[in-house]
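Subject: Structure for you to look at

Dear colleague,

I am handing over the structure below, and I would be glad if you kept it open while you read the notes that follow it.

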Protein chains: 2
Amino acid sequence: MVVDQLGTQLRDEEIDRLFQAFADTTRRDIVRRVTVGEYSVSGLAALYTMSFAAVQKHVAVLERASLVAKEKRGREQIVRANHDGLQKARRLLDEYEIIWRQRADRIADLLAETAPAGPGRTHENQQDGNRKVEG
Amino acid sequence: MVVDQLGTQLRDEEIDRLFQAFADTTRRDIVRRVTVGEYSVSGLAALYTMSFAAVQKHVAVLERASLVAKEKRGREQIVRANHDGLQKARRLLDEYEIIWRQRADRIADLLAETAPAGPGRTHENQQDGNRKVEG
DNA sequence: CTGATCTACAACCATTTGGTTGTAGAATAG
DNA sequence: CTATTCTACAACCAAATGGTTGTAGATCAG
């Protein structure tokens with residue numbers, strides 16, 4: 001997205017990882033579990049029909065997305081929720097919501113104008129001349 | 001996922017698709033674009049370095065996730081934002097936020113108690129005997 | 001010490017994803 | 001009518017995902 005100069009790059013990948021992590025029912029369930037209670041990796045694995053290694057991988061995905069952190073305790077690894085990731089995702093969706101509302105306001109403004117001879121269509125085509133693209 | 005009985009099934013897949021759709025920078029950019037302005041598929045494709053077909057696929061992913069809808073106009077296909085999907089995603093993350101806050105409250109309550117001889121650790125292990133999983 | 005448990009990680013496999021090119025149909029422009 | 005534009009879709013490919021089994025190192029129980 002627009003990678004205008006710098007800085008967005010890493011953040012984009014970070015956001016990709018965040019939403020990717022949420023895009024799996026098992027992982028969402030794990031996040032919910034470890035938010036409420038305390039679970040070791042094997043404690044989590046016992047909850048699902050899949051193998052221990054599979055759950056281990058899911059936890060790893062959540063960890064890379066900063067949604068979860070592991071803490072060693074004896075021979076166990078305790079998985080705990082990391083609220084930062086969740087907040088980031090929420091804030092991002094909130095931004096989209098804000099953009100949406102701004103757009104609604106703009107349209108309301110247009111409709112509220114004294115009908116300046118123009119056609120009814122919103123008429124905001126592309127041809128925006130934005131610098132760059134990249135995703 | 002555990003698919004306890006019924007009902008959650010479709011919703012889970014729907015949510016999977018939602019977050020999956022957001023887990024790509026180009027797609028997030030498309031959502032932002034079509035929220036603000038009006039774009040045909042080729043109008044969008046012109047913004048990115050990838051091929052037309054690639055952008056077409058991204059739009060299709062967003063469409064399956066109910067984040068976007070296409071409307072035929074002459075030989076063009078106008079892509080417009082569908083706010084419902086965005087709202088669903090937001091509401092879901094809000095639920096997680098609520099769970100998190102409830103947990104924080106619970107812990108605050110525990111700390112506020114008159115120190116009932118228990119150890120300092122929160123001590124909420126699994127062994128919860130929770131009925132099923134999905135909620 | 002011995003055995004059981006918890007974890008990490010490698011290797012493998014099937015499917016999905018994100019991209020490409022190419023072909024073909026519909027609508028518009030001249 | 002012909003040429004161009006916009007779209008749809010198939011076929012293909014490399015890489016990532018989500019799962020498996022197997023092996024091996026740490027830690028705890030007896």
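Let me begin inside the protein, with the lining of the largest cavity: at least two of its residues come from each of α5 (83–112) of chain A, α2 (25–36) of chain B and α5 (83–112) of chain B. Please keep in mind throughout that this is a predicted model.

The residues that line this largest cavity are Tyr96(A) and Trp100(A) from chain A, together with Val31(B), Thr35(B), Leu67(B), Ala81(B), Asn82(B), His83(B) and Leu86(B) from chain B. The space that it holds comes to about 50 Å³, and when the lining is sorted by class it has 6 nonpolar and 3 polar residues, with no charged residues.

A search of the whole structure finds 2 cavities of 30 Å³ or more, and the second largest has a volume of about 40 Å³. Its lining is made up of Val31(A), Thr35(A), Leu67(A), Ala81(A), Asn82(A), His83(A) and Leu86(A) from chain A, and of Trp100(B) from chain B. Here the elements that give two or more residues are α2 (25–36) and α5 of chain A. By class, the lining of this second largest cavity has 5 nonpolar and 3 polar residues, and again no charged residues.

Since α5 of chain A appears in both linings, we can turn to that helix next. Does its length agree or disagree with what its number of residues would lead us to expect? At 1.5 Å a residue, the 30 residues of α5(A) should span 44 Å, and because the C-alpha atoms at its ends are 43 Å apart, the two values agree. Several residues of α5(A) are buried, among them His83(A), Leu86(A), Tyr96(A) and Trp100(A); of these, His83(A) and Leu86(A) also line the second largest cavity, while Tyr96(A) and Trp100(A) also line the largest cavity.

For the wider picture of chain A, you will find 5 helices and 3 strands, which follow the pattern α-α-β-α-α-β-β-α when read along the sequence. Of the 135 residues of this chain, 39% count as buried. One residue to pick out is Ser40(A), which lies in strand β1 (residues 39–40). Ser40(A) has a relative accessible area of 4%, and because buried means under 20%, it counts as buried. The side chain of Ser40(A) reaches the backbone nitrogen of Gly43(A) at 2.9 Å.

Finally, please look at the DNA. DNA strand D is surrounded by 22 residues, and the closest of them are Ser51(A), Lys57(A), His58(A), Ser42(B) and Gln77(B). By class, this surface has 6 nonpolar, 8 polar and 8 charged residues. Of the strand's atoms within 4 Å of the protein, 61% belong to sugar or phosphate, and the rest belong to bases.

Which atoms of the protein lie by the phosphate oxygens of DNA strand D? In chain A, an N or O atom in the side chain of Ser51(A) is 2.6 Å from a phosphate oxygen of the strand. In chain B, backbone N or O atoms take this place, with that of Val41(B) at 3.3 Å from a phosphate oxygen and that of Ser42(B) at 2.6 Å from one. The elements that give two or more residues to the surface near DNA strand D are α4 (52–64) of chain A and, from chain B, α3 (41–45), α4 (52–64) and β3 (76–81).

With best wishes

Conventions:
Residues are numbered from 1 along each chain as its sequence is written. Chains are lettered from A and ligands numbered from 1 in the order in which they are written. This is a predicted model: local features need pLDDT of at least 70, side-chain atom pairs count only at pLDDT 80 or more; totals for chains, interfaces and linings use all residues. Side-chain values use heavy atoms; hydrogens and water are left out. A residue is near a molecule or strand if one of its heavy atoms lies within 4 Å of it. A polar contact is a pair of N or O atoms within 3.5 Å; within protein, one must be able to donate a hydrogen and the other to accept it, and residues adjacent in sequence count only if both atoms are side-chain atoms. Helices (H or I, at least four residues) and strands (E, at least two) are DSSP runs, numbered from the N terminus. Ala, Val, Leu, Ile, Met, Phe, Trp, Tyr, Cys and Pro count as nonpolar, Asp, Glu, Lys and Arg as charged, and the others, Gly among them, as polar. On a 1 Å grid over the protein atoms alone, a cavity is a set of points where a 1.4 Å probe fits but cannot get out, and a pocket is an open set with protein on both sides within 12 Å along at least five of seven lines; lining residues have an atom within 4 Å of a point. Grid points are joined across faces, edges and corners, and a volume is the space filled by probe spheres set on the points. The expected span of a helix is 1.5 Å times one less than its number of residues. Buried means under 20% relative accessible area, exposed over 50%, partly exposed in between (1.4 Å probe, protein chains only).
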